[in-house]
Amino acid sequence: MTPTNTAPQFMPVLSRGKHRNPRRGACFMEMASFVAGERWSDHPACTHPLLADLARLVNDSLTGRWRPRLVPLIPSVIGLTSDDMHIDAAIALRSALAALPIAAAPRQNVLATAVIRCERVLAELDGRDPGSMSPQSRQVMNQVPHAAAWARSFSSGSRVSRRTFRTQTAPHILDIAVEGIALACAPDVEQRLVDLLAATIANCQALILTDSAPEHCVAAELA
């Protein structure tokens, strides 16, 4: 399907990077601040910081032909915010799983390690065996056995604090995952990026708005 611009004419045009004011354009999160009635910012208070980070990364990784496909998603991030660490782990895990099967080999080791770390955070939060893994993660890891084996060896005995995971590890996972998808040798990378953001928003809605069990949301089908 050919992307079409669905933005109302009175709204700023989505473009890459940070913008001083709406007349110069807007990234995804600046548009969200505009719609939410907040002060113009690419870090508005209305959206979970890590979800906002993913939105900015996807926005900047798309070409101008595809970026308008993000416009319908903008209202759905407004009000999606929470201090629950499940949200951070779910966002990072979904991004790593989306990138792992198609990323270049050097990135797969990092992404497989990211999957293990996200799963350990979720297991700790839920009081499960730290070695347990969701069916979704097991399925994706089985597609890259060499990277999975390397990641298990590298991660053996390691532990990341929740604070470090939230402030450093999870944002880094998003950087690697989005870049891995954007640079993958696949014909539909831009569609995959749009689908990743849409699926992550839906995942966050399930976690935040309906208070569903985290493991059920994380195991939801990847777009």
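## The second largest pocket

Helix α5 (residues 105–126) contributes the most to the lining of the second largest pocket, supplying five residues. Do keep in mind that this is a predicted model. The pocket has a volume of about 200 Å³.

Which residues line the second largest pocket? They are Arg117, Arg120, Val121, Ala123, Glu124, Arg128, Pro130, Ser158, Arg159, Val160, Ser161 and Arg162. By character, the lining divides into six charged, four nonpolar and two polar residues.

## Two aromatic pairs

Let's turn to the rings. The structure holds two aromatic pairs. In the pair of Phe34 and Trp40, the ring centres are 6.4 Å apart and the planes stand at 85°, so this pair is edge-to-face; the cut-off for that label is an angle over 60 degrees. As for the partners, Trp40 counts as buried because its relative accessibility is 18%, with the limit for buried set at under 20%. Phe34 has a relative accessible area of 34% and is therefore partly exposed.

The pair of Trp150 and Phe154 is stacked, with 5.0 Å from centre to centre and 10° between the planes.

## The stacked pair in its helix

Where do Trp150 and Phe154 lie? Both belong to helix α7 (residues 145–155), where they sit four residues apart, about one turn of the helix.

Are these two rings' residues buried, exposed or partly exposed? Trp150 is partly exposed, at a relative accessible area of 39%, and Phe154 is partly exposed too, at 46%.

Technical notes: Residues numbered from 1 in each chain as written. Predicted model: local features only at pLDDT ≥ 70, side-chain atom pairs only at ≥ 80, totals over all residues. Heavy atoms only, no water. 1 Å grid on protein atoms, 1.4 Å probe; cavity = no way out; pocket = protein on both sides within 12 Å on 5 of 7 lines; lining within 4 Å. Points joined across faces, edges and corners; volume = space filled by probe spheres on them. Helix = DSSP H or I, 4+ residues; strand = E, 2+ residues; numbered from the N terminus. Nonpolar A, V, L, I, M, F, W, Y, C, P; charged D, E, K, R; others polar. Phe/Tyr/Trp six-rings, centres within 6.5 Å; stacked < 30°, edge-to-face > 60°. Buried < 20%, exposed > 50% of the residue type's maximum accessible area, 1.4 Å probe, protein only.
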